[in-house]
Amino acid sequence: MKPIAVSFLVFSVSALFTFSFSQKVVTGKVISASNGESIPSAAVTVKGTTKGVTTDMNGNFNIEVPKDANQLEVRFIGYEPYTIALGESNEYTIKLQSSSISLDQVVVVGYGTQKSKDLTSPISVVQGSDLSKIASPNAAQALQGKVAGLQIINNGAPGAGATVKIRGVGSIGDYGQPLYVVDGMFVDNLDFISADNIETISVLKDASAAAIYGVKAANGVIIVTTKKGMEGRPVISYDGSASIQVPVNIVPMTNKEQYIDFWNLANQNAIGWTPRNPNDYPANTNWYEELIGPAVMHNHSIDVSGATENTNYSVGLNYFSQDGTMKVDNNYERLSIRGRFEQKAAKWLSAGASILFTNFKKREAEQAALRQAYVNPPVYPVYNSDNTAAYPVNFDSPQRYGYPNAYGNPVAAAYYRNNRTKGNRFLASAFADIDIWKDKLKFRSSYNVDFHNMVNFNYLPENFVGGSQGTSSSNLTEKITVNFNQIIDNVFTYSDSRNRHNYTVTLGQSTRMFKQNFVEGTAKDVPNTDEQSIYLKTGSARDRNNNDGAEVLNGLSAFARATYNYGEKYLLSATFRADASSKYQQKWGYFPSFGAGWVISEENFMKKSKGIDFFKLRVSWGMLGNDNVPANSGVALAVPGIGSSAVFGDNLVDGLGQQIKVAPNYLKWEVVNEWNVGLDFAFLNRRLTAEVDYYYRTTDNVVYNAPVSGTTDELLGNYGKVLNTGVEFSLGWSDHAGNNFSYHVNLNATTIHNEVLELDGREFLPGAQVTNGYATRTQVGHPIGSFYGYQMTGIVQSRQEGDIGYPIYLDKDNNGITPEDMAFLGSPIPYLIGGLELGCAYNFGKKIGTVDFGISFYGQAGNKIFNQKRMNRSVFSEANYDLNYYNNAYTSNNKNGIYPSPEAFNTSTVQQPNSFFVEDGSYLRIQNIQIGYTMTGVPKISSIRVYISADRPYSLFSYNGFSPEVSKSFNSAGVATGSPITAGMDNNIYPMSAIYSIGLKLSF
């Protein structure tokens, strides 16, 4: 045995010696060519083999390669694959170019993933690192301008969410929101999540792409995947910024002298009018300056993450604080804790869980104060010690100067309102993956829960300013809302490949359970002694009331999806989903979708074409039901209360109020039916990429409120059909000049044509109610919520034409101005939206670092805005004038004026819906400018980055308002009304701000 053992030992040593000399070790670092930042988890493989490693959190790798190997291939999501030739050196720095179409990019498509090159429907992916460059309170706002077909309308209020629309507006009611999916959980918005928590966002735009999500996905899907750990040693990172918000585009108003001048002109022919003198008034107050000013904002994130062969973990903490730019106590504060953990427990079993806990506090600004700031005369001061009737603060009152009770001190209105909301949100998901048949058949079961509680506290203390501004008894309203949403999914996935045939089949079942409870109480005479005294129980027992209620919704779904490709050349996909919802009287809906793709560049006749790297044709079609409509519509209800009660003897007996009539038809599914044809291109070694899509989407059985015949009631029903169609275009160029300089350009644009096709025989639906009529109407052949009124063609210049300075309206039938002369004046829906991003970077070497610069733009064209704040002179006849009107109104000194004269401005001739109030909402904005410096190799710090940025520093538009981003309208109380038939009405929105930031990113 001894000779055998010796021989074996000699053989083993010889083999080890031979193996060691047939291998060599290659080390290196993978970085982004655009900004020099390290790229963790990039795949580095020996080309032509399966041997490979992934980079660590600092982008470093170490790989043993055979002596005869001559190439390494490097790949990472969102970047072009890169092949490097191996030479005598054993150390390399590899720079990856970003790509708008990375063909091997793995895209989250809902209950699974696909490679980008295998997609048959339009899906866009945005990296979380791109979102975190924008200083915004939530991820939805940061998406603006980054995805074709995605319209984001922002609001300047602290903590405000964004209005998100994918490919136009399909619902006449406020039911057109997209579905948001955060780590598998359905949520109604992204207001609670920071961009720093996000790894990727996938936007599923057409019905075929969204079909797997069924009833919630009729208006598109936004899938959020939170960060997870990367293989390598644990990494600690910090990302923080401090910002100053500077209000921009504040509407200039007339000063005291200009105001008195026009006030006198407006009343010069009024009987008994005595001309006013500016010297008779004590102040020259700019109410906007008194209400609006700069404010600070902070954002800080700390993350710890890592991964081994079997374990992946990531935990993080984010703190965000934003003060409002109104000079009162209005702010937003959010603390988020997240965690994600995945474990491979056995060869056949993996499990994981993720949590996101958010605590937030928000103090709302008094929206009505901005409306008062526009109309209030600039002739009296904010405070006045002579106003001894005012308490507890000596605010001055417009009534002391002869103004009627409709006017109120704007600063006082904002100061006394205490409207606060606080709450917690807990999202959690857990899953188990079972590998039933290795690399072929898998089963995933997951449980997702969203628990959300919120407390709203609205308090108005006892106060008096003057006239009707004030209250002799304090008012408190408290409302507690609790939402509990659960989703259970069970999904089988089978994948296989034979020869050039590749296919995947997914079968799944989903159960949804939602419950909401609320309790609300009101009280009067609640003392304002201190924070602990402001509770319902401290108010008057006689004036305490309460109310409560609940909503329960359930859903059940079964779905199937099959994808097939032959040699990655011919692509097919099909999805079928059956959905049941407790919201509808028609319980079940059945929704199919199909997609096909042809990778033309894989054909033999294309392979010799120079410059064309990839060319794919896509066609898809799908149907989806929309279950965002209110529940239980059409159910007969009888409401108890004081209005239906009576006294019998000495007892008060509750009765039942008027019963709501039930329409003869029952509520059916609102159904989206959509076609999409698309082309994907890559040219010139993938430096130039492009996507073009044409979409044609109809929404059938559109749900909205309509009058019930013979009653004054309205009832939801399926009454309409709406069309959205257009073209999406994305273009990207990424290249480098020399070894150190790189640059990229990305452009996207979308056209939107919106048209109402049917209204169940109705002529039109009235929309936004204003003085002397409705400013919008929804009518067949026109966009939803189009502006409607008289078309002003000029200003009367001579007595022969009429009253000088009055508007001339288009007389379509030459029989005098009548309601039949009213016409459509434009739409709040733009026909073009788009974004442009430019970036470059120069790498000075490892010891010095990389400097990068980026600038992005966003714009829209074709939409109109109704300047409702100007249409208030029937109530505020003594109101101030904005400077734009002052400079362009017709007067004896300005006979070229294009606006009605001050005298005409106050009359019913002007104060009715007409084109004077409808303005162009088109704009072009510098969205973001950022300059950064990144350095690696600092002792004990793997990378450090400092940057300065400016968000929305400049906007070019002609609209006479704070911002052309007007979505939801606000009534006189400052309450948002979200229906599309009232969109684009500006009755003073919260001003937007330019945000200037300095930031620091560290990785240890």
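Okay, so let's start at Ile-31, which stands opposite Lys-95 in β7. Keep in mind that what we're looking at is a predicted model.

Now zoom out a bit from Ile-31 and Lys-95 to the strands. β1 covers residues 23–32, and six bridges join β1 to β7. Those two strands run parallel.

So what sheet are we in here? It's an open one with three strands, in the order β4-β1-β7, and the pairing is mixed. On the edges you've got β4, residues 60–66, and β7, residues 91–96, each of them pairing on one side only. And if you ignore direction, neighbouring strands of this sheet are turned by 35° against each other on average.

Next, a helix. Is α7 buried or exposed? Well, nine of the nine residues of α7, which is residues 367–375, are buried, so the helix is largely enclosed by the rest of the structure. If you want to click through them, the buried residues in α7 include Gln-367, Arg-371, Gln-372 and Tyr-374. Ala-368, Ala-369, Leu-370, Ala-373 and Val-375 are buried too.

Last thing, confidence. The mean pLDDT of the chain is 86, and 90% of its residues reach 70 or more. Over residues 1–21, though, pLDDT is below 50, and that stretch has one contact in the model beyond near neighbours in sequence. Then have a look at residues 970–975. pLDDT stays under 50 there as well, and for these residues the model has 14 contacts beyond four places in sequence.

Okay, that's my tour.

Terms used
Residues numbered from 1 in each chain as written. Predicted model: local features only at pLDDT ≥ 70, side-chain atom pairs only at ≥ 80, totals over all residues. Heavy atoms only, no water. Pairing = 2+ DSSP bridges. Helix = DSSP H or I, 4+ residues; strand = E, 2+ residues; numbered from the N terminus. Axes fitted to C-alpha atoms, helices over the stretch in contact; angles between N-to-C directions. pLDDT = per-residue confidence, 0-100. Contact = heavy atoms within 4.5 Å. Buried < 20%, exposed > 50% of the residue type's maximum accessible area, 1.4 Å probe, protein only.
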